[in-house]
Amino acid sequence: MNETFLMNLLSSISVSGYEEPVQEVVEAEMKNYADEIRRDEMQNVTCILNPDSDVRIMLSAHADEIGLMISNIREDGRLQVIDRGGIVPATYPGHQVRIKTKNGEVYGVVEAYRSLFKDENLGTKQFLIDIGAKDKADALNYVSLGDPIVPDTPIRKLANGKFTARALDDRLGVYIIMEALKRAKALGCKVGIYAASTTGEETTKTGAYWTSVRIQPTMAIVVDVTYTSDCSGMDPAEMGTVCLGEGPVLCNSPIVVKALNEKMEECAKKAGISVQREAASRLSYTDGDQIHFSNQGVPMVLVSIPLRYMHMPAEVADEKDVEGCVELIAQFLAGYQG
């Protein structure tokens with residue numbers, strides 16, 4: 001694995017609507033590999049290989065993460081917030097946070113007291129963030145309205161090739177599509193590859209739509225995370241049996257083209273990569289849905305990364321699954337015949 005690239009992605013703060021830091025990491029990493037890099041008004045970044053090819057395969061993964069945003073500063077200097085994406089409110093009180101400001105990072109703590117956890121309607125309206133400010137005027141020396149906030153969660157390696165960090169959803173996907181472009185290039189890929197690190201998936205889902213409309217892809221490979229069934233609280237009857245370390249996950253969904261799933265499985269078999277299957281009864285609830293409905297319709301296949309504890313401050317993934325996704329997509333691209 002390219003640990004430096006991955007760590008740089010995971011270390012950035014990229015709350016939905018504030019994706020610039022992670023996109024800068026992508027551009028810096030890919031400038032020596034892509035033939036062209038495009039960045040649009042909404043901060044979508046597309047790295048392109050073989051732009052003159054008539055076949056345009058869009059790779060898509062979203063750069064944004066869930067988090068908070070400063071909505072108000074009280075007279076006592078405490079920060080009030082709203083959510084950006086599907087946070088789990090109970091995971092915030094009592095924990096440290098990082099605030100991205102124009103002058104760098106500021107640290108704080110989400111206030112907590114025992115009776116707060118008894119509130120059945122606990123949400124961001126009850127959150128107060130203490131940055132140590134004396135009052136509102138003092139707080140404004142450190143932060144501004146609109147600054148994004150994330151849990152102050154470290155990146156840690158676990159046993160047996162597993163690792164944990166916040167927002168593996170979906171910066172792992174960004175890592176995978178960019179590494180797949182590099183590897184496909186090394187394998188002599190001739191078709192056009194448009195690896196798009198998109199914005200706003202956790203909130204508006206506009207990024208993937210904008211990018212697809214401008215690329216007008218022949219087809220799309222979407223990379224996002226999916227729930228595993230090998231942890232507490234998950235029922236395999238809903239989505240199937242998915243385990244960490246067992247390989248990339250292909251989706252049985254009405255919105256996924258079955259022939260593309262079959263081609264992915266053929267590539268996996270040739271490359272000796274194990275794959276898993278998940279079930280979806282309707283949409284995929286990823287950027288793949290927006291891409292599929294764009295233009296005059298875009299054939300789409302979803303390659304998912306098994307993930308434990310999605311949308312929690314500490315998610316868990318497996319290096320083997322990440323590597324399997326990179327290799328599978330690279331082999332698919334290098335062998336694509338249309």
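Two strands are taken to pair if DSSP finds at least two bridges between them. In this predicted model, strand S4 (residues 67-73) offers a good place to start, with pairing to two other strands described below.

S4 and strand S5 (residues 79-84) run antiparallel to each other and are joined over six bridges. Within this pairing, Leu68 faces Asp83 of S5. The two strands form a hairpin with five residues between them, and in it Gly77 adopts a positive phi near 90 degrees. S4 also pairs with strand S9 (residues 148-151), again in the antiparallel sense, here over two bridges. Leu68 takes part once more, standing opposite Ile149 in S9. Leu68 thus has Asp83 in S5 and Ile149 in S9 as its opposite residues. Of the seven residues of S4, five are buried, so the strand is largely enclosed by the rest of the structure.

We can turn next to the eight-stranded sheet. This sheet is open, has mixed pairing, and follows the order S1-S2-S12-S3-S13-S16-S14-S15. At its edges stand S1 and strand S15 (276-279), each of which has a single partner strand, so one side of each is left without a neighbour in the sheet. On average, and with direction ignored, neighbouring strands are turned by 25 degrees against each other. Inside the sheet, S2 and S12 are paired in the antiparallel sense over five bridges, and Leu49 has Ile193 in S12 as its bridge partner. Helix H5 (residues 206-215) packs on the sheet, where it touches S2, strand S3 (56-62) and S12. The direction of H5 makes about 165 degrees with that of S3.

The nonpolar interior comes next. The largest nonpolar core holds 71 residues, and those touching the most other members are Leu59, Ile176, Met178, Ile221, Ile329 and Leu333. Helix H4 (residues 168-186) gives the most to this core, with 10 residues. For Leu333, neighbours within four places in sequence aside, the contacts are Ile57, Leu59, Ala180, Ala184, Cys189, Val191, Ile193 and Ile221. A second core, separate from this one, has 21 residues, among them Val106, Val110, Phe127 and Ala133.

Helix H2 (residues 20-30) has as its buried residues Pro21, Val22, Gln23, Val25, Val26 and Met30. Their cover includes helix H1 (3-11), strand S1 (36-39), strand S2 (45-49), strand S6 (96-101), H4 and strand S12 (192-198).

S6 also contains Thr101, a residue worth a closer look. Thr101 has a relative accessible area of 8% and is therefore buried. A polar atom of its side chain lies 2.5 Å from the backbone oxygen of Gly104. Residues up to four places away in sequence not counted, Thr101 touches Val106, Tyr142, Val143 and Asp147. One of these, Val106, is included in the second core.

Charged side chains complete the picture. The structure holds 19 salt bridges. One of them joins the side chains of Arg214 and Glu41 at 3.0 Å, N to O. Arg214 lies in helix H5 and Glu41 in the loop between S1 and S2, so that this pair links distant parts of the chain, 173 residues apart. Arg214 is partly exposed, at 47% relative accessibility, whereas Glu41 is exposed, with a relative accessible area of 58%.

In helix H4, a salt bridge brings together the side chains of Glu179 and Lys182 (2.6 Å, N to O). These residues are three apart in the helix and therefore separated by about one helical turn. Glu179 counts as buried at 10% relative accessibility, and Lys182 counts as buried at 12%. Both belong to a network of salt bridges that links Glu29, Glu179 and Lys182.

A further salt bridge is formed by the side chains of Arg308 and Asp230 (3.1 Å, N to O). Arg308 is found in the loop between strand S16 (300-307) and strand S17 (315-318), and Asp230 in the loop between strand S13 (219-227) and helix H6 (236-239), so the pair ties together parts that are 78 residues apart in sequence. Arg308 is buried, with a relative accessible area of 17%, while Asp230 counts as partly exposed at 26%.

Note on methods
Residues are numbered from 1 along each chain as its sequence is written. This is a predicted model: local features need pLDDT of at least 70, side-chain atom pairs count only at pLDDT 80 or more; totals for chains, interfaces and linings use all residues. Side-chain values use heavy atoms; hydrogens and water are left out. Buried means under 20% relative accessible area, exposed over 50%, partly exposed in between (1.4 Å probe, protein chains only). Helices (H or I, at least four residues) and strands (E, at least two) are DSSP runs, numbered from the N terminus. A nonpolar core is a set of buried Ala, Val, Leu, Ile, Met, Phe, Trp, Tyr and Cys residues joined through side-chain atoms within 4.5 Å. Contact means heavy atoms within 4.5 Å. Axes are lines fitted to C-alpha atoms, for helices over the stretch in contact, and angles run from 0 to 180 degrees between N-to-C directions. A polar contact is a pair of N or O atoms within 3.5 Å; within protein, one must be able to donate a hydrogen and the other to accept it, and residues adjacent in sequence count only if both atoms are side-chain atoms. A salt bridge is a side-chain nitrogen of Lys or Arg within 4 Å of a carboxyl oxygen of Asp or Glu.
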